[in-house]
Protein chains: 2
Amino acid sequence: MRTHELVLQWIEKQLSDGDLALGGRLPGERAMAEQLQVSRTSVREAVRILEAMGVVRAGVGSGKDAGTVVIAEPGSALGSTLRLHVATRHLPVADIVETRVLLESWAAERAKVGVPALEEAAELLDQMDAAPDIDTFLPLDARFHVALARAAGNSVVSAMMASLRGAIENYAGELTGNLPDWDTTCARLRAEHRAILTAVNNHDGGKAAELVAAHIQGFYAEAGVGSNPTP
Amino acid sequence: MRTHELVLQWIEKQLSDGDLALGGRLPGERAMAEQLQVSRTSVREAVRILEAMGVVRAGVGSGKDAGTVVIAEPGSALGSTLRLHVATRHLPVADIVETRVLLESWAAERAKVGVPALEEAAELLDQMDAAPDIDTFLPLDARFHVALARAAGNSVVSAMMASLRGAIENYAGELTGNLPDWDTTCARLRAEHRAILTAVNNHDGGKAAELVAAHIQGFYAEAGVGSNPTP
DNA sequence: CTGTCACTGTGGTCTAACCACACAGTAATC
DNA sequence: GATTACTGTGTGGTTAGACCACAGTGACAG
């Protein structure tokens with residue numbers, strides 16, 4: 001077993017045993033190296049991996065943001081991983097879109113009314129109405145969909161949704177260039193968002209799920225995913 | 001931007017541009033370091049991250065297994081990430097099980113008859129009948145479920161299924177200790193597996209999905225997930 | 001022809017040093 | 001006395017250089 005894996009194991013055990021909790025601070029790299037009788041290099045490689053997994057955040061200097069602290073950001077970590085695999089052509093964009101439909105439909109059907117995530121979603125819709133251009137609109141759109149997924153209350157599904165959205169984020173930006181008329185499309189998307197949120201608030205999960213599926217598939221079909229996968 | 005991130009960006013670009021394909025070999029660490037004008041340490045940190053993401057595999061020595069080659073194993077990578085986050089208590093096991101039900105039901109409903117993955121699944125069932133003990137049975141069970149998911153033909157769903165299974169693998173091992181009578185449970189699980197596969201082969205996706213959902217939820221309910229999350 | 005042995009290139013590890021940063025305490029200044 | 005400037009300390013970030021184990025390759029001696 002390689003040295004940095006040993007360090008990784010040790011840290012994972014600290015987490016499992018509860019000796020290291022969310023928000024907690026790891027020992028300094030030098031201290032850990034001495035404690036585990038390994039070089040600082042190996043400790044750093046382990047920390048890098050944890051950072052890539054969204055388990056810790058490393059900060060220089062001193063004070064509140066300094067040191068290596070335990071965080072919980074699975075979404076961005078899974079997103080990076082998926083993005084890399086998309087780059088290797090191993091994960092087709094079409095499969096990601098299909099998975100998005102699957103997860104978001106499920107989430108829409110089970111979204112709980114009155115939770116903070118839904119209020120955030122409603123707020124985002126207002127901001128999207130005021131968005132002047134595509135580059136302002138798209139990030140809000142992404143956040144709306146992730147907020148909707150969070151409303152279902154399953155943290156794994158939320159994380160996966162966020163990661164899927166993140167993995168094809170750049171891609172979505174390119175796709176909008178293929179659209180014949182952005183203003184028309186944008187208006188339609190906004191209307192569909194409202195309809196989805198209304199269905200959820202009316203406790204009509206089935207309809208919400210249908211609308212979400214049509215919403216996502218409609219966008220990618222219009223933008224030409226499948227027929228024109230890598231423009 | 002940190003140095004190793006720069007290296008990561010460079011490698012990701014090589015992948016996106018197709019200059020580096022699946023099965024391809026990265027330049028040696030020393031060569032890359034010189035080419036990018038960074039230290040070998042930074043190159044190594046980048047490679048570590050890619051390795052953790054299941055994008056590359058590093059092998060010492062020389063010959064076919066040597067060097068750093070591009071692979072595509074998103075499943076194990078996502079699994080490690082999820083496992084770590086379960087360790088931080090940020091992702092409840094119950095949410096993972098729920099997501100498994102969601103993905104596997106979907107996959108069972110859309111499984112294509114006649115694909116290699118289904119044949120593999122059938123073969124695994126025979127091996128499970130011959131399994132002498134739990135420790136032989138469980139890995140086969142895991143592979144059966146992943147094979148079933150693969151039969152639906154969506155690589156993202158397959159990868160996520162494999163990762164979910166991997167994230168709670170150790171956990172499943174502990175749970176079987178809670179079962180009152182393993183032999184009885186095992187016989188039931190085997191029968192349920194057969195029923196699922198039969199439904200799929202009969203093109204009865206709806207029934208297959210129902211059976212899968214009941215199968216998974218039944219097992220975890222019997223083993224006590226939810227009422228006894230961290231024994 | 002065969003077995004041995006040095007060579008070469010790979011990743012894996014370690015040491016020791018320096019840097020930039022941010023805060024904390026202290027000293028000099030107004 | 002209050003304010004400012006300055007070290008001191010500890011953090012991660014980066015680098016250079018060395019050595020190790022490993023696995024093929026090829027030359028050489030038998």
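## A two-chain model with DNA

Setting aside neighbours within four places in sequence, Ala107(B) contacts Leu148(B), Ala149(B), Ala152(B), Val157(B) and Met161(B). This is a predicted model, and its largest nonpolar core holds 130 residues, among which Ala107(A) and Ala107(B) touch the most other members.

Let us turn to how the two chains relate. A turn of 180° with a shift of 0.0 Å along the axis lays chain B on chain A, with an RMSD of 0.1 Å. The two copies are therefore related as by a two-fold rotation axis. Both copies use the same surface, since 100% of the contact residues of chain B recur in chain A.

That contact takes 37 residues from chain A and 37 residues from chain B. On the side of chain B that touches chain A, at least two residues each come from helix 1 (3–16), helix 3 (40–52), helix 4 (74–87), helix 5 (93–110) and helix 8 (155–167) of chain B. Helix 4 of chain B has the largest share there, 7 residues.

Now for the DNA. Around DNA strand C there are 23 residues, the closest being Arg2(A), Thr3(A), Gly61(A), Gly63(A) and Gly28(B). Two or more residues of this surface come from each of helix 1 (3–16) and helix 3 (40–52) of chain A, and from each of helix 2 (29–36) and strand 2 (67–70) of chain B. Helix 3 of chain A gives the most, with 3 residues.

Here are the two surfaces by residue class.

| Surface | Nonpolar | Polar | Charged |
|---|---|---|---|
| Side of chain B that touches chain A | 21 residues | 10 residues | 6 residues |
| Surface near DNA strand C | 5 residues | 13 residues | 5 residues |

Methods
Residues numbered from 1 in each chain as written. Chains lettered and ligands numbered in written order. Predicted model: local features only at pLDDT ≥ 70, side-chain atom pairs only at ≥ 80, totals over all residues. Least-squares fit on C-alpha atoms with pLDDT ≥ 70 in both. Contact = placed C-beta atoms within 7 Å. Core = buried A, V, L, I, M, F, W, Y, C linked by C-beta atoms within 7 Å. Buried ≥ 20, exposed ≤ 12 C-beta atoms within 10 Å, placed from the backbone. Near = placed C-beta within 6 Å. Helix = DSSP H or I, 4+ residues; strand = E, 2+ residues; numbered from the N terminus. Nonpolar A, V, L, I, M, F, W, Y, C, P; charged D, E, K, R; others polar.
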